[in-house]
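Biologist: I have a pile of "why is it called that?" questions for you. Could you pull up the model and talk me through the answers?

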Amino acid sequence: MESIDFTIVTASYNYARYIRDCLQSVAEQDGVTFEHLVMDGGSSDETADVVAAFPHASFFQEPDKGMSDAINKGFLKAKGKWVIWLNADDRLKPGSLKAAKEWAENHPTADVIYGGWNFIDADGNLRRRMTLFPYSQGMMLYLGCYIGSTSTFFKRESVINEGHLLNEEYRYVMDGEYYARLGSLGKRFSYLPRILADFRLHGNNLSKRNYGTLDACGWLRLQTQFAETRAYRRAYGHACSKDENINALIDGCFYLYYRLLKPLLKLVHLPRHQR
């Protein structure tokens with residue numbers, strides 16, 4: 001039986017408007033073998049019909065406890081050497097899987113491979129390009145999640161098969177908690193300096209912030225996001241004091257430090273053709 005290079009896991013719930021782009025972007029990948037698992041939480045729109053038009057995709061529909069639960073179910077079904085979760089409203093860039101495979105072959109000790117991505121609007125127009133730099137646990141803890149889940153690959157053998165799954169208690173920064181936890185366990189991250197995917201920004205993104213239009217519930221959701229980041233900072237970093245007020249002040253200092261350091265690191269590691 002031929003081995004599978006990649007498993008793409010897509011959590012879906014009433015995203016028929018966008019999921020065709022997602023499926024098409026995977027179907028057009030070449031030079032690799034892959035499976036695409038669509039984990040649907042019970043969509044009532046045309047999602048099932050859209051997925052049925054793409055023979056490469058497998059559709060699993062059952063109730064779930066949220067996005068993290070759906071992704072974990074896909075992770076546990078995965079057969080590929082490398083696993084990525086690709087949001088239903090996002091899409092891979094042409095040649096991304098082939099580039100990731102070649103990078104993995106040249107970096108055999110990597111447990112996690114990640115690249116850059118583009119922010120696009122609801123209609124697929126480019127908003128902003130995101131390039132990164134080699135992994136920093138301090139950056140992840142104090143600046144917050146800066147790696148895009150839609151352009152990140154996990155080695156199934158050394159990550160998922162060892163039982164490292166998303167924390168289902170996290171709704172907004174499950175990716176940041178996951179990366180910080182893997183980093184604390186000594187998993188090796190490798191940065192592939194290439195734009196691998198498009199991340200779509202629209203009104204229904206869970207983590208989207210628009211401070212000027214927030215109502216009381218919006219502010220509560222925003223504080224929950226901040227609390228999740230603070231929680232994994234304490235769990236996988238360190239607290240300098242027993243007084244949380246002092247810790248908060250120290251956190252702010254580290255935040256400013258990494259905020260200033262980030263553009264310098266991006267410039268140093270910018271792909272040559274983009275300098």
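Modeller: Sure, and keep in mind that this is a predicted model. Let's start with the largest nonpolar core, which has 43 residues. Phe75, Ile147, Phe154 and Tyr178 are the ones that touch the most other members.

Biologist: Which helix gives the largest share of this core?

Modeller: That's helix H7, residues 174-184, with five residues. There is also a second, separate core of 28 residues, and Val51, Ile84, Ala110 and Phe153 are among them.

Biologist: Back to Phe75. What is Phe75 in contact with, leaving aside its neighbours within four places in sequence?

Modeller: Its contacts are Val9, Val83, Trp85, Phe154, Ile160, Leu165, Leu166 and Tyr178. Phe75 is also one of the buried residues of helix H3, residues 67-77, along with Ser68, Asp69, Ala70, Ile71, Asn72 and Gly74.

Biologist: What covers the buried residues of H3?

Modeller: The cover includes E1, E2, strand E4 (82-85), strand E8 (152-155), helix H6 (156-160) and H7.

Biologist: H7 again! What makes Arg181 count as buried?

Modeller: The cut-off for buried is under 20% relative accessible area. Arg181 has 14%, so it is buried. Arg181 is found in helix H7. Not counting residues up to four places away in sequence, Arg181 touches His164, Leu165, Leu166, Asn167 and Tyr236.

Biologist: Okay, rings next. Why is the pair of Trp117 and Phe119 called edge-to-face?

Modeller: The count of aromatic pairs comes to 19. For Trp117 and Phe119, the ring centres are 5.8 Å apart and the planes are at 85°. Centres have to lie within 6.5 Å, and planes over 60 degrees apart count as edge-to-face, so this pair gets that label. Trp117 is buried at 6% relative accessibility, and Phe119 is buried at 13%.

Biologist: And why are Tyr142 and Tyr258 called stacked?

Modeller: Their ring centres are 6.4 Å apart, with the planes at 10°. Stacked needs planes under 30 degrees apart, so the pair is stacked. Tyr142 lies in helix H5 (residues 137-142) and Tyr258 in helix H9 (residues 244-268), so the pair ties together parts that are 116 residues apart in sequence. Tyr142 and Tyr258 are buried.

Biologist: Which residues form one aromatic cluster?

Modeller: That would be Phe75, Trp85, Tyr114, Tyr135, Phe154, Tyr178, Tyr179, Phe189 and Tyr191.

Biologist: What makes Lys77 count as lying over the face of Phe60?

Modeller: The distance cut-off from the ring centre is 6 Å, together with a limit on the angle to the ring normal. Lys77 lies over the face of Phe60 at 4.5 Å from the ring centre.

Biologist: How do you know that Cys145 has no disulfide bond?

Modeller: A disulfide needs the two sulfur atoms within 2.5 Å. The closest cysteine sulfur to that of Cys145 is in Cys22, and it is 19 Å away, so that is too far for a bond. The count of disulfides comes to zero.

Biologist: Is Cys145 buried, partly exposed or exposed?

Modeller: Partly exposed, at 29% relative accessibility. Cys253 is also partly exposed, at 49%, because exposed starts over 50%.

Biologist: Now the strands. Why do you call strand E9 largely enclosed?

Modeller: E9 covers residues 189-200, and ten of its twelve residues are buried, so the rest of the structure largely encloses it. Strand E6 (residues 112-120) runs parallel to E9, joined by eight bridges, and Gly116 stands opposite Ile195 in E9. Strand E5 (residues 91-92) runs antiparallel to E9, with two bridges. Arg91 has Asp198 as its bridge partner in E9.

Biologist: What about strand E1, why is it called largely enclosed?

Modeller: Seven of the seven residues of E1, residues 6-12, are buried, so that strand is largely enclosed too. Phe6, Ile8, Thr10 and Ser12 point one way, while Thr7, Val9 and Ala11 point the other way. E1 pairs with strand E2 (residues 34-40) in the parallel sense over seven bridges, and Ala11 has Met39 as its bridge partner in E2.

Biologist: Last one: what stands out about phi of Asn14?

Modeller: Phi of Asn14 is near 55°, a positive value in a residue other than glycine. Asn14 is found in the loop between E1 and helix H1 (16-27), and at 28% relative accessibility it counts as partly exposed.

Note on methods. Residues are numbered from 1 along each chain as its sequence is written. This is a predicted model: local features need pLDDT of at least 70, side-chain atom pairs count only at pLDDT 80 or more; totals for chains, interfaces and linings use all residues. Side-chain values use heavy atoms; hydrogens and water are left out. Rings of Phe, Tyr and Trp (its six-membered ring) pair if their centres lie within 6.5 Å; planes under 30 degrees apart count as stacked, over 60 as edge-to-face and the rest as tilted. Buried means under 20% relative accessible area, exposed over 50%, partly exposed in between (1.4 Å probe, protein chains only). Helices (H or I, at least four residues) and strands (E, at least two) are DSSP runs, numbered from the N terminus. A charge sits over a ring if NZ of Lys or CZ of Arg is within 6 Å of the ring centre and within 35 degrees of the ring normal. A nonpolar core is a set of buried Ala, Val, Leu, Ile, Met, Phe, Trp, Tyr and Cys residues joined through side-chain atoms within 4.5 Å. Contact means heavy atoms within 4.5 Å. Two strands pair if DSSP finds at least two bridges between them.
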